[in-house]
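Reader: Hi! I'm in my first year and would like a close look at the largest pocket of this protein. Could you walk me through the residues around it?

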Amino acid sequence: MNTQYLLPLGLVICCNLGYHLFSKSLPCNTNPFIGWSATYGMAFLGSLTLFAITRSTVYSNQKVNISIYNLLLGVVIIGVEGGYILMYRAG
C-alpha cells in the first residue's frame, strides 16, 4: 500500500475517532440545532479556507460543478448527526 491510500485512511480514522469522542462530550442541555449551527458554521469556514488554499480556478468556475447530491448529502448528514447525538444522550 502506498501513502496515497494510507494518508486518507489515517485521516478518516483519526477524524472518526474525534467525531465520536466530541459527540459524546457535547453538553446535554444545549439545543442540538444551535450546536449543529456552530458545528457546520465551523465546517463551512474551514471548507472555504481549504478551497482558497487549494483552488486552481476561481469560485465562479467551480460553483457550476455543485450538484443536487451535494445538497442532499447536507440534508442526510443532519440526520446522521442527529441520530448519533440522540443515541449518545439516551445512553
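**Around the largest pocket**

Author: Happy to! The lining of the largest pocket is made of 14 nonpolar, 7 polar and 2 charged residues (Ala, Val, Leu, Ile, Met, Phe, Trp, Tyr, Cys and Pro count as nonpolar, Asp, Glu, Lys and Arg as charged, the others, Gly among them, as polar). Please keep in mind that this is a predicted model, where local features need pLDDT of at least 70 and side-chain atom pairs pLDDT 80 or more, while totals for chains, interfaces and linings use all residues. Residues are numbered from 1 along each chain, and side-chain values use heavy atoms, without hydrogens and water.

The largest pocket has a volume of about 870 Å³ (the space filled by probe spheres set on its joined grid points). Its lining has 23 residues, and Tyr40, Ala43, Phe44, Ser47 and Ile77 are the closest to the centre. Here, a pocket is an open set of points on a 1 Å grid where a 1.4 Å probe fits, with protein on both sides within 12 Å along at least five of seven lines, and lining residues have an atom within 4 Å of a point.

Now look at the helices (DSSP runs of H or I, at least four residues, numbered from the N terminus). At least two lining residues come from each of α1 (3-24), α2 (32-54), α3 (59-62) and α4 (68-90). The largest share, 7 residues, belongs to α2.

One of the central residues, alanine 43, also gives us a distance to follow on the model. Its C-alpha atom is 15 Å from that of asparagine 16, and the two are 27 residues apart along the chain. Asparagine 16 sits in helix α1 and is partly exposed, with 40% relative accessibility (buried is under 20% relative accessible area, exposed over 50%, partly exposed in between, with a 1.4 Å probe and protein chains only). Over in helix α4 you will find leucine 72, and at a relative accessible area of 44% this leucine 72 is partly exposed too.

For comparison, try the second largest pocket, with a volume of about 240 Å³. Among its 15 lining residues, Phe22, Ser23, Leu26, Thr39 and Ile85 are the closest to the centre. Helices α1, α2 and α4 each give this second lining at least two residues. By class, the second lining holds 7 nonpolar, 6 polar and 2 charged residues.

Finally, go to the loop between α1 and α2, where cysteine 28 is placed. Cysteine 28 counts as exposed because its relative accessible area is 57%. From its C-alpha atom to that of valine 80 there are 18 Å, with their positions 52 residues apart along the chain.
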